[in-house]
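Work through the exercises below with the sequence and the structure open. Each task is followed by a solution in steps.

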Amino acid sequence: MAVVMATALARLPVLRSRPARAAAAGAYPVSWVGPGRGVAMISAATPDAASAAARLRALLGDRLHEPGDPGYATTTRLWNGAVAGTPVLVAQCRDADEVAEVVRVAARCHLPFSVRSGGHDWAGRALRDGGLVLDLTGLRAVQVDPGAATVTIGGGTTAAELLAAARPYDLVVPTGVVDAVGMAGLTLAGGYGPLCGRFGLSLDSLLGTEVVLADGRRVTADPRHDAELYWALRGGGGNLGVVTELRFRAHRLPGVLAGMIMFALSEAPAVLRGYGALVAEAPDELTVMAGFLPGPAGEPVIFVCPFYSGPDLAAGAPWMDRLRALGTPLVDQIGLMPYADALRMFDGGMVDGNHYLLRTRWLPALTDGVVDTLVDAARQVTSPFSALAVHHFHGAATRVRPADTAFGLRADHLMTEVIAVWAPGDQAGPHREWAERTSAALAPHALPGGYPNLLAPEETDRVRLAYGANWARLRHAKRRYDPRDLLHAVPTLPPPGHPE
């Protein structure tokens, strides 16, 4: 997979001013006012899906899907079976040229759109009701440059595909814990993961992107080209353009000392308190996830999942012993392995087709009140599939200045996921209520906001709090790069007229 990116983008020559180019492309129905001069009030126009379909059919042929087409059901099926989005069109793109033309058609036809990359947003924002979906799953080429220690990927590449290409060179890029997740969506709004302490969030390794803006223009965003867009994309999510290519700094990591230790639910209070004390003093090389998973008999078990990534893996052994000593392990599977292999322990944890609802809280520490809340939630869980996860944010991720990227929280903290899961056909009410009740109980102990990649579409007030001092700058970037609010992505941003 270490091949030259077939979809490498050539930046278009700048021959005219931004307003002139936009007018020539037919992108805006009324005048556009550039940055520093305010933003034009754009009159609303009725979406013309029929015209868009005719234009895109000529471009894409049978890679354009409408309701009733054979490919529509496949391209609108996501891992979360609770999502029921009904876009009017799905455009399967093969390269950045097609992405740009599809976006131009959407703009001319006043059709709002969303992007499907990995498709793992739990709320299903990849499928915009009544809109156009740009399916980027065909943009999956990976190019590894071992000399420069960089990895360049297409906008539809998953973490597993990136890691597989980089593995022969002992290189990695920080990922989340589920390797089937798309790297673009993970990175643009954050990227918590097992290498957070050593290398930071996924977005902290992002060197640059190629982007199709909402009017169809293709631009480069990196420290030397459109640095403001580059700033906003590192944490602000996918609301500013369609990212067709990402270039990452890669890190040499031949292996990790990692695995899973599980304890009985009865030991959970002591294990969680010990975990909280341990992570407060953990070195950068050690990032530890914890939480509750369904056990073999259906009763939840508490787990700790350490990743030690230092150059001397033997130095991680005493930390593993400390974790084992938190209780009496039911499962103790710790070993030396490549990073990509360690991620496979999470394979199968989330079953495609089940129904999911997630809630998230940022916690400054595991206080007694937090421990009691998490243990009570595990004891009261309504489904044998549901889980709770606590992610460890520390080390390198905290040494990035908050103003340097859009991501708003750079202090040590724990990111908690409340994951309600139920089988198709089950009544959703009890499981939703469990998640909401747990989130509400954690709220008094939590920091403002929450992880933007997991906040629900209706939680726009918490999105604002999540970005803190970066909020005004991010909103200005949204108005600058997508003034008509055509693009819908994670996190859900309030519309332009929303009071702030």
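The exercises use a predicted model and go from confidence to helix geometry, rings, charges and backbone.

**Exercise 1. Confidence**

Task: State what average pLDDT the protein chain has, and over which residues pLDDT stays under 50.

Solution:
- Step 1. The average pLDDT of the protein chain is 90.
- Step 2. A score of at least 70 is reached by 90% of the residues.
- Step 3. Residues 1–43 stay under 50. For this stretch the model has 77 contacts beyond four places in sequence.

**Exercise 2. Length and burial of helix 9**

Task: Compare the expected span of helix 9 with the distance between its end C-alpha atoms, and list which residues of helix 9 are buried.

Solution:
- Step 1. Helix 9 covers residues 268–279, which is 12 residues.
- Step 2. The expected span is 1.5 Å times one less than the number of residues. For helix 9 this gives 16 Å.
- Step 3. The end C-alpha atoms are 16 Å apart, so expectation and model agree.
- Step 4. The buried residues of helix 9 are Ala268, Val271, Leu272, Gly274, Tyr275, Gly276, Leu278 and Val279.
- Step 5. An α-helix has 3.6 residues a turn, so residues three or four places apart point the same way. Ala268, Val271 and Leu272 are among the buried residues to check against this spacing.

**Exercise 3. The loop between helix 3 and strand 2**

Task: Find where Asn80 lies, what Asn80 touches, and which ring-pair class Trp79 and Tyr356 belong to.

Solution:
- Step 1. Asn80 sits in the loop between helix 3 (72–75) and strand 2 (89–92).
- Step 2. The relative accessible area of Asn80 is 3%, so Asn80 is buried.
- Step 3. Leaving out residues up to four places away in sequence, Asn80 touches Trp122, Asn354, His355 and Tyr356.
- Step 4. Now turn to the rings. A pair of aromatic rings is described by the distance of the centres and the angle of the planes. The model has eight aromatic pairs.
- Step 5. For Trp79 and Tyr356 the ring centres are 4.3 Å apart and the planes make 50°, so the pair is tilted.
- Step 6. Trp79 is in the loop between helix 3 and strand 2, whereas Tyr356 is in strand 16 (residues 355–363); the two are 277 residues apart.
- Step 7. Trp79 is buried at 11% relative accessibility, and Tyr356 is buried at 2%.

**Exercise 4. Salt bridges across the chain**

Task: For three salt bridges, give the partners, the N to O distance and the burial of each side.

Solution:
- Step 1. Side chains of opposite charge can pair when their charged atoms come close. The structure has 26 salt bridges.
- Step 2. Asp204 and Arg410 form a salt bridge at 2.8 Å, N to O. Asp204 is in the loop between helix 7 (196–199) and strand 8 (206–212), and Arg410 is in the loop between strand 17 (387–393) and strand 18 (413–422), 206 residues apart. Both Asp204 and Arg410 are buried.
- Step 3. In the bridge between Asp368 and Arg273, the closest N and O atoms are 3.0 Å apart. Asp368 belongs to helix 12 (residues 368–379) and Arg273 to helix 9, with their positions 95 residues apart. Asp368 is partly exposed at 48% relative accessibility, and Arg273 is partly exposed at 33%.
- Step 4. Glu458 and Arg359 meet at 3.6 Å, N to O. Glu458 is in the loop between helix 13 (429–442) and helix 14 (460–467), and Arg359 is in strand 16. Glu458 is exposed at 56%, whereas Arg359 is buried at 5%.

**Exercise 5. Backbone details**

Task: Identify which bond is a cis peptide bond, and give phi for His110 and Asp170.

Solution:
- Step 1. The cis peptide bond joins Val490 and Pro491, with omega about -10°. Pro491 lies in the segment after strand 19 (487–488).
- Step 2. His110 has a positive phi, near 55°, and is not glycine. His110 is in the loop between helix 4 (96–108) and strand 3 (113–116), and is partly exposed at 22%.
- Step 3. Asp170 also has phi near 55°. Asp170 is in the loop between helix 5 (159–166) and strand 7 (171–172), and is partly exposed at 28%.

Key:
Residues numbered from 1 in each chain as written. Predicted model: local features only at pLDDT ≥ 70, side-chain atom pairs only at ≥ 80, totals over all residues. Heavy atoms only, no water. Helix = DSSP H or I, 4+ residues; strand = E, 2+ residues; numbered from the N terminus. Buried < 20%, exposed > 50% of the residue type's maximum accessible area, 1.4 Å probe, protein only. pLDDT = per-residue confidence, 0-100. Contact = heavy atoms within 4.5 Å. Phe/Tyr/Trp six-rings, centres within 6.5 Å; stacked < 30°, edge-to-face > 60°. Salt bridge = Lys/Arg side-chain N within 4 Å of Asp/Glu carboxyl O.
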